[in-house]
Every structure is written in structure tokens, then in C-alpha cells.
2 protein chains.
Amino acid sequence: MRPDELTALGQQLRADAVRVSDRAGSGHPTSSMSAADIAAVLLAHHLRYDFDRPDHPANDRLVLSKGHASPLLYALYRAAGAVDEDELLTYRTLGSRLEGHPTPRLPWVDVATGSLGQGLPVAVGMALAGQRLDRLPYRVYVLSGDSEMAEGSVWEAVEHAAYEHLDNLTLVVDVNRLGQRGPTRHGHDLDAYARRLHAFGWHVVEVDGHDVEALDTAFAEARSTTGRPTAILARTRKGRGAEAAEDREGLHGKPLKDAEAVVAELGGVRHARVAVQAPPDGEPPAPAPGSVPPGSVAGLPRYEVGDTVATRTAYGHALEAVGSALGRVVALDAEVGDSTRTGFFAKAHPDRYVECYIAEQQMVAAAVGLAARGYVPYASTFAAFLTRAHDFVRMAAVSRAGVNLVGSHAGVAIGPDGPSQMGLEDLAMLRAVHGSTVLYPCDANQTARLVAAMAGLDGIRYLRTTRGDLPVLYGADEEFPVGGSKVLRRHDDDRVTLVAAGATVHEALKAADLLEREGVPVRVVDLYSVKPVDADTLREAAAQTGCLLTVEDHHPEGGIGDAVAEVFADGGPAPRTVRLAVRSMPGSATPEEQLHEAGIDADAIAAAVRLMVERVIA
Amino acid sequence: MRPDELTALGQQLRADAVRVSDRAGSGHPTSSMSAADIAAVLLAHHLRYDFDRPDHPANDRLVLSKGHASPLLYALYRAAGAVDEDELLTYRTLGSRLEGHPTPRLPWVDVATGSLGQGLPVAVGMALAGQRLDRLPYRVYVLSGDSEMAEGSVWEAVEHAAYEHLDNLTLVVDVNRLGQRGPTRHGHDLDAYARRLHAFGWHVVEVDGHDVEALDTAFAEARSTTGRPTAILARTRKGRGAEAAEDREGLHGKPLKDAEAVVAELGGVRHARVAVQAPPDGEPPAPAPGSVPPGSVAGLPRYEVGDTVATRTAYGHALEAVGSALGRVVALDAEVGDSTRTGFFAKAHPDRYVECYIAEQQMVAAAVGLAARGYVPYASTFAAFLTRAHDFVRMAAVSRAGVNLVGSHAGVAIGPDGPSQMGLEDLAMLRAVHGSTVLYPCDANQTARLVAAMAGLDGIRYLRTTRGDLPVLYGADEEFPVGGSKVLRRHDDDRVTLVAAGATVHEALKAADLLEREGVPVRVVDLYSVKPVDADTLREAAAQTGCLLTVEDHHPEGGIGDAVAEVFADGGPAPRTVRLAVRSMPGSATPEEQLHEAGIDADAIAAAVRLMVERVIA
């Protein structure tokens, strides 16, 4: 396109943003307008994308990190012929694919955005996939706001991208100097951003973001830069093109007044259609998944009943085996691979191991980006430190991403390291994620089977592992369907059902033995699938024993006690229940002392059962 | 001290670290040894601290961000005479104050550490208090590891500290080049860190971290640098002083072999006692809290019953009033003050408003730092984006910090912006924090009272606010004790109890009216205090109506349904329950459509009640 055509295209995008926000009565026209020339130049001259084949492996990727500027993205889709005028006008209405912030309900959106500072981190995962794994020539473009450069996650990603020499990655920062409530920290000081990005090893181009020729040159420079990612810092004006709005405070996230006049000021509604460049043909397709179906047991480690093995260790070996069976499996860790045991995978499959160093947000973001490119990521760190990436996990669910998260060092059972290292909130966090799966094995064979099963599930799947050695309870051929449970003790006259998972299964078994000797038979359920939960077995246990006691190495809120309670929130009669959980603030102690202090060891379970039984009799 | 004495002091600290870890059978001697000379020089020549008066307002602060090096800190306390030999040897044992990672069980520890990348962000809050609020001459020292420089939270803090010109802040990075599982990203490339810190506006000194004279000079340089914070990058060797361990991989987090010989190699057990410099006397004490006790209503906004006001707006006005009444109240926001309504406070009390830009981790960390200096912080952003700071909230509880968090834009009720902006996991996240308080008001007067009450509570207190206008239900003089609830509809023959909070209270009232017209009287409980929860009222309702229906604008896990279920996890008979919550992935729609689609509006409540009633009859 000629420069004047590019400029006209920018005006078209602006006018579209103004009118759809006006029609919706909400939205972010001014944030769209600042970036419209950037979008026009990218779409017309640089993006290589087949909108009819969003799954084309060589398509470039475009991530709108400033997701509130969704009107701009949808206007771009209209200009590309992917969205028609009628659909454009459904923006922000019930049932529309054109949501307030982009989600993968639209086939050209790989990942949801709208929580700022996430676009670049996720894009690093996509760029890693292209450069290091797929070896495909696609480029990854991120259009980001300037306010979101304050997010630490951006700097984790900046560091990671430079470290991995991702020259297929281009970040464009729309420096419009105005945030939600006023000027940003650095305003129009492009050099402030440039100094920082330079220091981290990026190539940086500063440009007038409304000069289409300068933008064109900047994108070309990014494409020809090798060995490092490029940031294009574009000086822009929020609300550009509408005199009453341009560079003015107080207009964030609001439709413009007198939208019709603004559209006229922008040159009216235009209908230019851009012939977007096709991705290169004849490129090798992405490698197919391994021939062994997910969940298959081929190569999984096998443990002898009675041996003692930490579930984290079984995880490490199982992950190595799953990695051998499935070529699309990638492991990520936040520099604790010695502890999480992803080190085994790293040694066996170094080409598919991504060391994220201590940057949990970047680790989860990279996993989401890899998942968007068809990989099966397993991202691991201490369960406690996964809280660091909570917002990324939440957004991964909105992205409909298939991601495996594995948290080690669960609960007080870790012993002397103390509360900072104990995952005591992770079940609550992961259960509350939409569509998640939460698994919590108590032995090595169970762990191995669940690690394999995870690969084939949808959404966010979480596995919780334990630091210390635990006895192997199950044979290596036992199966553990997701959504199931195991009844480990059962008598016709059980008085109470103990519901446990992970470390507390072993305490429950000890308590059951103790109680049986006292003439109080109890049932023991190993609730390894915390979400979805085995409602049938729990209902049967409730019907037959009348009393359920849950015991978990986790705070009382949102974990196993809650998972069991939810089963009975169906309006039917509910059993008596007691929750044993970690209610005090732990300090340092041995694992056994910790379980005792927290009141979740065999003695505490037995004592609670005695009370329940007395109470029912009374 | 002479250089040789400083060196000997460093050896003393090393030997102590080696022997306590050996005795405990766990711990991090090698990570302590790398930083021992830094600690020696700091303690002997630069720190001004009265160990007998840890509450002295002019004491310098020392934050051990690399909390796993706790043996070094405890050795330092022994050298300062604060901890004796007997206590030192209790390291990591049950009941000891000397936990695996430092916590405020020790009076000289202001904040817990052990989740890496948190020390500097929290220290920024402390330094802000000293420089901008207290105007006290104390300095804040942070001793950090090199691995943790990968955390984005560190760069949020680096940015914030430079922006606020915190020249009372000194960061020492112990660049020992080895992380948990091997070399760090930048190894011994001190320049890599220096370039980055320079670019963000810091003064940087590179130094041999085992040269006590060079360290001494560096600390002096930091103290004399004005207008910007200083980072001392210290090149060190992990395991320094033990030939078998020094600069070797595979020795992270493990006691050293043959500890006795290592102690001998380090010159044996020493007992040097350092005369630590006192803080300057005669300094003005920190300002006293305002004369109005927390929870007082003086100056709180008052609303007329029947008016419609968003609870976020009431929050903003109430916060402004609480700020007027209490001089120690500080408000922080992550650049969304227009939306959270902290803008009102910012305008009224600009000196006590901290703009954190879009950096939620830094916002919560600064709040924790301010709380450690006796301030009463209120940190606000969208409820959804508080997930960004989950690890900081978790650690704030370990720090026993008193922090108010306020999350706006709760739930699907926000309308068209879509799921990225909706807080749907925040109740689960905040309830699972140890010792937390979770409040969720449904009207403006209730909000105002709760905002005032929060100031006087311990621990993490969370207030959830709503975007849209809601009718005022309560008079301005109504009281809302934390741990209470309000029964809004009550009949002798209630068939079901509706338990709601926030937006769904209004839906429950509509449903109750609808059902009453159908001859089905129902009770309505406004559960504004989600944690602690009003067990008495819920038990009474259960006893009288037999059926409870919870309805919440939140995912089904960990929120109000769970809070109610926990009440009945006492082993007693439990009522029938049904949970209405957001089970689908929302898109864009109007607030009313969203509540309807999620099945949490009046129609859905009424339909569920009809089913419950039928079922009970059947």
C-alpha cells in the first residue's frame, strides 16, 4: 500500500473502533485510536497470515496484549475480511465472539488478553515454539500498552526472550502516555523504555507511531534483526484523530461523545479490504504428537508395593517417560528442578526443557504460549510458588489453554523449612479455576499414572506432589481414572468414612488400624482426584456410614473439605462432616511433628473419629 | 573493626551457619557462607540498630530477602548479642524462633522471607515510610540472592524505588553465581545486573564480596548517594571458606559433609561480639495514630435508603474519611484509582497516597512494608488482578502483617468487559489465607462501616466491592460487626434460607418477594462477613428452615458456599444445601444478562428454591 492508503487504513480502523464502542455503550476507543497506524502497517505490509486457515503452522501470530483495545483488533479483522460488518456491530453483546477483551472464541485469537502484562510473556512461549521446537519461520508480534510495562511479568519476559535470542519476536509498545487514571510513569519518554530494554539485550527502535513510513521501516528492521528480539517504541497520542479526545486525560475506557461527528472527522466509515500476505507454503508441518496415546503406560516407572518413594520423584520419572512417548511434551521449571524432579526430564530431553529461572509468571505464560502452538507443557515449581502465577493461571483458563501445572512440597509435611515453602493454599487456588482438574496422589504408582493421564485432559490440570518419601500402596498396574477414588478400607459396619489424599492417606490408614483395634471400623477413601471428585463413592460412603471426616494438609478453605461438601450441595440430605486441616501458622519442625502440630496425623484423626462416634450415639 | 577483625567476623558467621545446619540436618550453609563478609561489614560498620529496642523508630531495617540463608542471619544476631548460643542451636526445631526461613517470631525480623523476590519490594514500602511519611533517618538494607533477580517483582520494586528517589534504600546482591539446580542465568557477570539497574535509574557499585575493605567503601558510598537507591553487586563464592564446597554445584540447601572439619577450616567457633551502632536519639517519634479509634463513624459518608450507589464508590468516600480520622492510613493503587475510587483519597490526602502503577505485586509488597512501619495501608485494584499478588498476600500472613486489600469489579456483575476483568476466584484466594478476614458488602452504608472497621483488625483483611450501582438497603446508623450477618427476610414458616452477599443479596430479595407471592416464605441472610462467618445465624436458619441455598457471584469453589459448608463441618447434623455460583465461562453481556446466564439472578434462585421445596416434600 502507498503511505496515504496506509494512513487511510488507520483512519478506517479508528472509525470502526469509535462506532462499535459507541454502539456498545462501552469499550476503549481512545486506546484503539493511538495504535491504529501501527495495526494498519502491520496488517498491510508485515503480517503473514491466512485468515481462512488460522491453524496454518506458518502463520505469524499477533497478540494484542493491551486487550482493552479490542475494537482495534476487531476492526483489523474486518479489514482482513475475517469479520463482516454485521458481526462487528455485535461487539460486547451477549453471545458475540467479539468480547470486551479478546478470547479464543475467535479463531484468530490464540490467547485471551485483558489482564495487562501477559501478552509478551505468553508470546515468548509462542516464539520459543517457533524458533526452538517447530523450527517454523513464523514471527510473533505483540502489541502492548505503555502502562503495562510496569508489570514485573513484562520484565521476566524481556529477560527470557533475550536469553533465548528470540529474533522472531517483535514487541510494539503503543506509548500513548496516558493510563487509566492519568499520565503513565514515563509519559512520552521513549528513552526511558529504550534504556531498560537495551540493558536487557533487546534491539530497540524508537518511532513516531503515527508515521506509517517510519513504522514500515521499523517493522522491516525488526524482521531483519538477528540474534535478539526487537522492541518498537511508538510515540502515539491516545484518541488520535479526534480533536476533542486526542492526548486528553479522563477519556480512558469510555465511548466518545458525538461518535457520529468523530467518525466523520476520521473520514467516515471506510471499507478498504487488505490482501494480507500468505504464510510461506511448503514448510514442514509441526511434528505430530508421539504415537503413544496420552494416558498410556508405556515406559512409565513401576514401583514395588511397600517401597517408599516421594511422589515428586515418581513425577520426575513419569514425566521423563511421558516425554519419551509424546514428542509434543515440553517441561518447564522455575530453577527448582532438583526439588521438583523435572531434572530427570531435562537430562533425558534437553531440547524440550525450558529453564525459566525463578520467574513463575513467565514459566506459566510460556506454557500457555507453547500450548497455543500445540505443545503439551508441564510447568513445575513448589506448590507455594505457583501462587506467584495465579493471574496467569486464571487467564490461561480464559484462553482455553491446555496446561499441566505441578506443585511440589505440598503442605506442612515438608517439615523444617517452614511456612514460606509450604503449599497450603494451592488446592483452593487451583480448584477455583474454571474447568480445572486437580489431582493429588499419595503414592508413586498412582503419581505415574496420573502424570500420563494429565497429558490428555482439557484445560488447566494440576498435580500436587509431596516432598518426603511415602509408602507405595498400589500395584503398578492399578488404574486411576480422573474423577475416581480408591476405597482402601471398607467394612460392612463402618462408623465413619475418612476422606484423605496425598500425605494424609497414610495417616488415615494408620488411624483406621488404630480404630479397628478399638472396635471402631472406619472406611478410608483415597480422594486422589480432588476435582472432578468421585461423587458416587462419597455419596455411597455417606449413605452407609453417615459421617465423613476429611483430613488434608492444606488450609481448611477451598481444599478437600470443600470438594467433599460440594458433592452434598445438591439439595439432598447431607452427612455429618468434620474437617481436619491446617488451622495454625506452622513453624519449623520435623514432618511428623508438623502433621501432629497441625492436627492432621493419625492420632488427631482417631481422636476426631472417637468424638464423632460418641456424638452420634449421644 | 580492623579488616582482619571483619574477616574473622565473617568466618565466625560462616562457622555458625555450618554448625547449626549440621545440627539441624537441613538448611543452607553454602548460601550463608557466600554472604558472610557482606553481613559482617554491614553489622560492624554500617547498621544502626538497638537490638534491645527493635521498635526504636530510627533503627535501620535489614531484610534478608534470600531467606534460606537464615543461618547467616541468626549468626549475625548471635554476634550482636541478641541470640545466645543455646538458642542458636535450636535452629529449625519445633517451637524455636529460629525457623528455616526468618519470620517475625523474632522481634528483629520485620517481615517473613523465603519466597524469593519479595525482600526488595517490601523494603521499598519501608523506605517509603521513612523517607516520605515518617521522615526518619533510618536506612533500609536488603540482602538478596542473584537467582531471585529473575523475579519480575524485583523489577517492579527497582522501578518503584528509583521513581520515588529512595536514597535510604540499599540493595546488596550476593552474586554467588549458583542457584538451586546449577548456574544462574548471568553467572558472575555483574555487569549484566549493573546495566539493568543503571537503566532503571539506580546507583550501582560492583565489588568483590569477600573483600571487607571494598565492601566497607561500597556501603559508605551507598550512604552518601543522594536522590537514588544504591545496589551493591557483590561477586561472591557459594560455600566460601570451605574448600570442598566453595563455588561447587550440587551443594544447595544441604548441610556440609564433615561439618566439624569445615568449622575447623574456618578457624573454629568464635565468639566475637559486635558493638552495633545505636540509632540516632532525639529523633521525632513516628506520628501517633489519629485520635478517632478505628471503626468509629466520624466523618463516614451516609447514604439514604433507596438511593443507588456502587459499593466501590462508597469505599472511596469511606476511605477518604478514614484517612482523615487516622493519620497512619495510607492508600495504594495499581493505576486504576478511577475505577477502584481510591482517587477520592488521593485527592484529599495526596501525601499519603502511593501510586504503584500497574504493578500489583509491588503494591501489596509496599503495603506490607508500610504495615511493618506501623502504617495502616489500604491497597486496591480490581479483584481479578489481586491474583497477581497472591504470593505476596500469602507471605504477608506469614509476616503477621496488618494489611487491607480491596478488590473492585467483583464477579460477572461487571457486565460487558468479560472474564479477564471479573473477580471470580478472589474469595477462594483470600479465604484460604491464614487468619484473614473477608468482607463483601451489598450496600453503601454497609461498605462505609466495614471500611472503617477493617482498620482495627489484625492480619489480612479483604473487602470485595462491586462495579455497578446497588440500592441502599441499610440506614446509615446500622452497625455491621465483623463476623456478623443480617437477616433481611424472616418468617416463622420459612421453607428455605437464601444466603447471599454483595450483588446477589439484591437478587435474593427479589426472589424472596417472588416466592412469597407464590406462598413459599423464605429467609434471606446477608452474609457480608464471609470470614469469619456468622455460624450462629446460619445454624439457627438451618435448624428452622432445614434448607440453605447459597448464591454467589464467584466460582463455586472456595467462596460463600464453602464458607457456609464449613459451619456445618462440626460433626453435627447438616442441612440440605444448594450452591448457586458461576459455573460457566462468561463472555460479554449486560450485568443483568450476566447474572441470568450464570444462573445467579432472582429467577434462578426462585427456580432452585421451588426444586428444593418439591424435593423435601417428595
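Helices (H or I, at least four residues) and strands (E, at least two) are DSSP runs, numbered from the N terminus. With those names in hand, B:Pro532 can be placed: this proline sits in the loop between β17 (529–531) and α20 (535–545) of chain B. The structure is a predicted model.

## Unusual backbone spots

Most residues other than glycine have a negative phi, and most peptide bonds are trans. A few places here go the other way. The peptide bond from B:Lys531 to B:Pro532 is cis, and its omega is near 0 degrees. Chain A has a cis bond too. This one joins A:Lys531 and A:Pro532, with omega at about -5 degrees. A:Pro532 belongs to the loop between β17 (529–531) and α20 (535–545) of chain A.

Phi gives another exception. A:Arg400 is not a glycine, yet its phi is positive, at about 55 degrees. Look for A:Arg400 in the loop between α16 (390–398) and β10 (403–408) of chain A.

## Domains in chain A

The domain assignment splits chain A into domain 1 (3–265), domain 2 (294–471) and domain 3 (486–617). Take domain 1 of chain A and domain 2 of chain A. Their centres, taken over C-alpha atoms, are 33 Å apart. In their contact, domain 1 of chain A provides 30 residues and domain 2 of chain A provides 29 residues.

The size of an interface is often given as the accessible area lost when the parts come together. For domain 1 of chain A and domain 2 of chain A, that buried area is about 2,200 Å², and 56% of it lies on carbon and sulfur atoms. Which residues of domain 1 of chain A lose the most area to domain 2 of chain A? They are A:Gln118, A:Leu133 and A:Glu156, which together make up 24% of what that side buries.

Now for the polar links. Between domain 1 of chain A and domain 2 of chain A, the count is one salt bridge. There are also eleven residue pairs in polar contact between domain 1 of chain A and domain 2 of chain A. On the side of domain 1 of chain A that touches domain 2 of chain A, two elements give two or more residues: α6 (119–134) and α7 (152–163) of chain A. The most come from α6(A), with ten residues. By class, this side of domain 1 of chain A has 14 nonpolar, nine polar and seven charged residues.

## How the two chains meet

Two copies of a chain are related by a rotation about an axis and a shift along it. Chain B superposes on chain A after a rotation of 180 degrees with 0.0 Å of shift along the axis, at an RMSD of 0.0 Å. That is the relation of a two-fold axis. What share of the interface residues of chain B are also interface residues in chain A? The share is 100%, so the copies meet through the same surface.

The contact draws 105 residues from chain B and 105 residues from chain A. Together, chain B and chain A bury about 8,900 Å², with 49% of it on carbon and sulfur atoms. B:Arg185, B:Arg388 and B:Met585 supply 10% of the area that chain B buries against chain A, more than any other three residues.

How many salt bridges cross the interface of chain B and chain A? The rule finds 16. Residue pairs in polar contact between chain B and chain A number 63. By class, the side of chain B that touches chain A has 37 nonpolar, 35 polar and 33 charged residues.

## Salt bridges side by side

The table shows one salt bridge from each contact.

| Contact | Side chains | N to O distance |
|---|---|---|
| Domain 1 of chain A and domain 2 of chain A | A:Asp134 and A:Arg328 | 3.5 Å |
| Chain B and chain A | B:Glu159 and A:Arg196 | 2.9 Å |

How values were computed: Residues are numbered from 1 along each chain as its sequence is written. Chains are lettered from A and ligands numbered from 1 in the order in which they are written. This is a predicted model: local features need pLDDT of at least 70, side-chain atom pairs count only at pLDDT 80 or more; totals for chains, interfaces and linings use all residues. Side-chain values use heavy atoms; hydrogens and water are left out. Copies are superposed by least squares on the C-alpha atoms of residues with pLDDT of at least 70 in both. Contact means heavy atoms within 4.5 Å. Domain bounds come from an automatic or database domain assignment. Buried area is the accessible area (1.4 Å probe) that two parts lose on being put together, summed over both. A salt bridge is a side-chain nitrogen of Lys or Arg within 4 Å of a carboxyl oxygen of Asp or Glu. A polar contact is a pair of N or O atoms within 3.5 Å; within protein, one must be able to donate a hydrogen and the other to accept it, and residues adjacent in sequence count only if both atoms are side-chain atoms. Ala, Val, Leu, Ile, Met, Phe, Trp, Tyr, Cys and Pro count as nonpolar, Asp, Glu, Lys and Arg as charged, and the others, Gly among them, as polar.
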